[in-house]
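Q: I have a protein model open and do not know how to read it. Where do I begin?

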Amino acid sequence: MTVMEQRGAYRPTPPPAWQPRTDPAPLLPDPEPYRVLGTEAAARTDPELLLTLHAQLVRGRRYNAQATALTKQGRLAVYPSSTGQEACQVAAALALQERDWLFPSYRDTLAVVARGVDPVQALTLLRGDWHTGYDPYEHRVAPLSTPLATQLPHAVGLAHAARLKGDDVVALAMVGDGGTSEGDFHEALNFAAVWQAPVVFLVQNNGFAISVPLAKQTAAPSLAHKAVGYGMPGRLVDGNDAVAVHQVLADAVRHARAGGGPTLVEAVTYRIDAHTNADDATRYRGDTEVEAWRAHDPIMLLERELTGRGLLDEDGIRAVREDAEALAADLRARMNQDPVLDPMDLFAHVYAEPTPQLLEQRAQLSAELEAEREGAQ
Ligand SMILES: Cc1ncc(C[n+]2csc(CCOP(=O)(O)OP(=O)(O)O)c2C)c(N)n1
């Protein structure tokens, strides 16, 4: 048979029927960030929860202000403030059960403190030390992660392992909008969805990765939409509405615990302060934008609801502020004590078997410290 005859005889057969592996419709986020405060649904929320959220938000804001002041007094090396983002921080901690795990990033000190970690220990890393300052197992809080998004695969690994062991544990991992561009973000979400790991990813979209605005970070319709590509639900929520963030996270935690797999939550919020005390935010954003977000302040939104429903009055607000002042005073007093540090720790916990150079440097430092001690006597 000639080639032309063969071609003529060729009748293409239709390919096997194709279907999407998962129906994408239920995974899609709402077109608008989900809100509760200021809507009719707010009236149906539990007063106890509202009051707890409020007290924690006020404490959180005061903690941010105090920690930032400590950087100016040379008591803290660096502080990435979460002022404006307190609702995400507090809701994340409150959405978890005691047996669950929190995986924070460097901006999430408030979530760590709201989970029960000592407020001074939570600042150890930012003050400068070789360890994280708190025992991760005590409150089930992983170390604050400075390398972007590396905490996400850790959270997936822990959650997957817990599931294999039959432990009823959920991991909640926090990351910034900039962190979603990291390879670790992709790998973590992909693994989590394939393994149906009990993880909740909370992206705090605060508008910037240092000076880089979201528009230069992604062309996606929203960060929550990224979930669909991995085969998990994406939820979009107003990150300044503490009740809405709590509800969405609590739902996602319940879903994960029941074996439903991971969820990606994008909380739309704003970083009111600079990236850290070492940053000048006026170089890349204007006052008008900041003022617009101040008018959508998480504490103000919640206080409006509480006072409107007669659940909180001036005296109540004063009592909450006094409690926050006491927290700040304690933080000030304890952070103003000089920590007892052993310079020899520089060489500990680096290598199981130190290199010859390190051994030489260690001996040199040891001799210098010894000479200093003798000189002081
Ligand atoms: C792997 C890695 N790359 C770069 C950095 C430097 N860096 C520190 S913070 C930051 C911006 C992160 O922005 P985002 O994830 O939006 O979190 P935010 O600081 O706004 O909370 C960058 C690039 C880092 N810490 N880790």
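**Reading one residue, then a ligand site**

A: Begin by placing a residue in its element: Asn205 lies in strand E3, which spans residues 199–205. Keep in mind that this is a predicted model.

Q: Is Asn205 buried or exposed?

A: The general idea is a cut-off: a residue is called buried when its relative accessible area is under 20%. Asn205 has a relative accessible area of 6%, so Asn205 is buried.

Q: Which groups does the side chain of Asn205 reach?

A: For a polar contact, look for a pair of N or O atoms within 3.5 Å. The side chain of Asn205 makes such a contact with the side chain of Glu266, at 2.9 Å. The side chain of Asn205 also reaches the backbone nitrogen of Gly207, at 3.1 Å.

Q: Which residues come nearest to the ligand?

A: There are 15 residues around the ligand, and those that come nearest are Tyr106, Arg107, Gly178, Gly179 and Asn206. Sorted by class, this shell holds 6 nonpolar, 6 polar and 3 charged residues.

Q: What polar atoms face the ligand?

A: Take side chain and backbone separately. In the side chain of Arg107, an N or O atom is 2.7 Å from an oxygen atom of the ligand. On the backbone, an N or O atom of Gly178 lies 2.8 Å from a ligand oxygen, and one of Leu148 lies 3.1 Å from a ligand nitrogen.

Q: How much of the ligand's accessible area does the protein cover?

A: On its own the ligand has 580 Å² of accessible area, and the protein covers 71% of that. The space the ligand takes is the largest pocket.

Terms used:
Residues are numbered from 1 along each chain as its sequence is written. This is a predicted model: local features need pLDDT of at least 70, side-chain atom pairs count only at pLDDT 80 or more; totals for chains, interfaces and linings use all residues. Side-chain values use heavy atoms; hydrogens and water are left out. A residue is near a molecule or strand if one of its heavy atoms lies within 4 Å of it. A polar contact is a pair of N or O atoms within 3.5 Å; within protein, one must be able to donate a hydrogen and the other to accept it, and residues adjacent in sequence count only if both atoms are side-chain atoms. Accessible areas come from the Shrake-Rupley method with a 1.4 Å probe; for residues, only the protein chains shown count as cover. On a 1 Å grid over the protein atoms alone, a cavity is a set of points where a 1.4 Å probe fits but cannot get out, and a pocket is an open set with protein on both sides within 12 Å along at least five of seven lines; lining residues have an atom within 4 Å of a point. A molecule sits in a cavity or pocket if more than half of its atoms lie within 2 Å of its grid points. Ala, Val, Leu, Ile, Met, Phe, Trp, Tyr, Cys and Pro count as nonpolar, Asp, Glu, Lys and Arg as charged, and the others, Gly among them, as polar. Helices (H or I, at least four residues) and strands (E, at least two) are DSSP runs, numbered from the N terminus. Buried means under 20% relative accessible area, exposed over 50%, partly exposed in between (1.4 Å probe, protein chains only).
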